[in-house]
Amino acid sequence: MENFFLKLSIMLVPALMAITCHEVSHGFVADRLGDRTARLMGRLTLNPLRHIDIFGTLMVFIVGIGWAKPVPVNFNNLRNPKRDMIWVAGAGPVTNLTLATLSGLSLRGVAGFGASLPDGSAILTFLNPVTLMLAFSVYINLLLAIFNLIPLPPLDGGRVAVGLLPYRQAQALARVEPYGMIIIILLVFFTNIFGRVISPVVDFGITILAGPHSRLVYEVTQFLMR
């Protein structure tokens, strides 16, 4: 039980921030491009309680990836629905990549400063949990960004693809959306898509963003996922 609360204290803030900012960015970009649905429903807020999907949040702690309640977007309200869909859908992964980058840079600074302090320093008592949260933030934001870029609706990558493809191919891909989550679940649990596709890209991102502290990101993630 003690281990559970330790893991929760490290994972909760980065996970909620990653998921919440991802969803708010969709609504914010849609709002700027003509669809005020998210604003009118009170979803343009960083209050995680407005976005939490209980099952999706639990999945973060069980398998390392989760989701929030999708921010409602009425693509028909956008000024140019086909083109603007690309920007609305792409906003989520771009936000997570931005958070991962900021977390990686902060991790380098905080961990580097912590390494210069003597053991037992009172400052380390504060810096150590911050370092662990930053390390997990790099991982969870990279994972959410890359996973959501899979070109299959309703994932963001699928909607970006629908916006980019010629009309006939876009319509064919859009028709997959009602079955998209079933296909995604099958891919995640019954294929090696994580090991062959997603994990190598996440590993590359961790190496670039965390640099000399990449090992810490892996150690923290392995501890939290046990």
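A residue counts as buried under 20% relative accessible area, as exposed over 50%, and as partly exposed in between. The model described here is predicted, and the values below are computed from it. By this scale Phe28, at 42% relative accessibility, is partly exposed. Phe28 has its place in helix H1. Its C-alpha atom is separated by 8.0 Å from that of Arg39, which is 11 residues away along the chain.

**Helix H1 and its contacts**

Helix H1 covers residues 2-32 and contains Ile10. With a relative accessibility of 5%, Ile10 counts as buried. Leaving aside neighbours within four places in sequence, the contacts of Ile10 are Leu132, Met133, Phe136, Val220, Phe223 and Leu224. One of these partners, Leu132, is 122 residues from Ile10 in sequence, yet the two C-alpha atoms are 6.5 Å apart in space. Phe223, another partner of Ile10, also has a charged side chain over its ring: Lys7 lies over the face of Phe223, at 5.5 Å from the ring centre.

**Aromatic pairs**

A pair of aromatic rings is described by the distance of the centres and the angle of the planes. The structure holds two such pairs. In one of them, the rings of Phe136 and Tyr139 have centres 6.2 Å apart and planes at 35°, so this pair is classed as tilted. Both residues belong to helix H5 (residues 122-148), where they are three residues apart, about one turn of the helix. Phe136 is buried, with a relative accessible area of 0%, and Tyr139 also counts as buried, at 16%. Phe136 is, in addition, among the residues in contact with Ile10 of helix H1.

The other pair is formed by Phe147 and Phe194, whose ring centres are 6.1 Å apart and whose planes stand at 20°, so the pair is stacked. Because Phe147 lies in helix H5 and Phe194 in helix H9, this pair ties together parts that are 47 residues apart in sequence. Phe147 is buried at 10% relative accessibility, whereas Phe194 is partly exposed, at 22%.

**Packing of helices H4 and H9**

Two packed helices are described by the angle between their axes and the distance between the axes. Helix H4 (residues 81-115) and helix H9 (residues 193-210) pack at an angle of about 45°, with axes 8 Å apart. That angle makes H4 oblique to H9. On the H4 side the contact is made by Ala100, Thr101, Gly104, Leu105, Leu107 and Arg108, and on the H9 side by Ile208, Leu209 and Ala210. Sorted by class, the contact has six nonpolar, two polar and one charged residues.

**Asp84 and Val160**

Helix H4 is also the place of Asp84. This acidic residue is buried, with a relative accessible area of 1%. Not counting residues up to four places away in sequence, Asp84 touches Leu33, Leu78 and Arg79.

Val160 is found in helix H6 and is buried, with a relative accessible area of 18%. Outside the residues up to four places away in sequence, Val160 touches Ile86, Ala89 and Gly90. The C-alpha atoms of Val160 and Gly90 are separated by 6.6 Å, although the two residues are 70 apart along the chain.

**Separations between C-alpha atoms**

The table collects residue pairs by their separation along the chain and in space.

| Residue pair | Separation along the chain | C-alpha to C-alpha separation |
|---|---|---|
| Ile10 and Leu132 | 122 residues | 6.5 Å |
| Val160 and Gly90 | 70 residues | 6.6 Å |
| Asn47 and Met17 | 30 residues | 9.4 Å |
| Phe28 and Arg39 | 11 residues | 8.0 Å |

**Loop residues**

Asn47, listed in the table with Met17, is found in the loop between helix H2 (37-40) and helix H3 (54-63). At 32% relative accessibility, Asn47 counts as partly exposed.

Pro154 is found in the loop between H5 and helix H6 (156-164). The peptide bond that leads from Pro153 to Pro154 is cis, with omega near 15°.

Note on methods. Residues are numbered from 1 along each chain as its sequence is written. This is a predicted model: local features need pLDDT of at least 70, side-chain atom pairs count only at pLDDT 80 or more; totals for chains, interfaces and linings use all residues. Side-chain values use heavy atoms; hydrogens and water are left out. Axes are lines fitted to C-alpha atoms, for helices over the stretch in contact, and angles run from 0 to 180 degrees between N-to-C directions. Helices (H or I, at least four residues) and strands (E, at least two) are DSSP runs, numbered from the N terminus. Angles under 35 degrees count as roughly parallel, over 145 as roughly antiparallel, 65 to 115 as roughly perpendicular and the rest as oblique. Contact means heavy atoms within 4.5 Å. Ala, Val, Leu, Ile, Met, Phe, Trp, Tyr, Cys and Pro count as nonpolar, Asp, Glu, Lys and Arg as charged, and the others, Gly among them, as polar. Rings of Phe, Tyr and Trp (its six-membered ring) pair if their centres lie within 6.5 Å; planes under 30 degrees apart count as stacked, over 60 as edge-to-face and the rest as tilted. Buried means under 20% relative accessible area, exposed over 50%, partly exposed in between (1.4 Å probe, protein chains only). A charge sits over a ring if NZ of Lys or CZ of Arg is within 6 Å of the ring centre and within 35 degrees of the ring normal.
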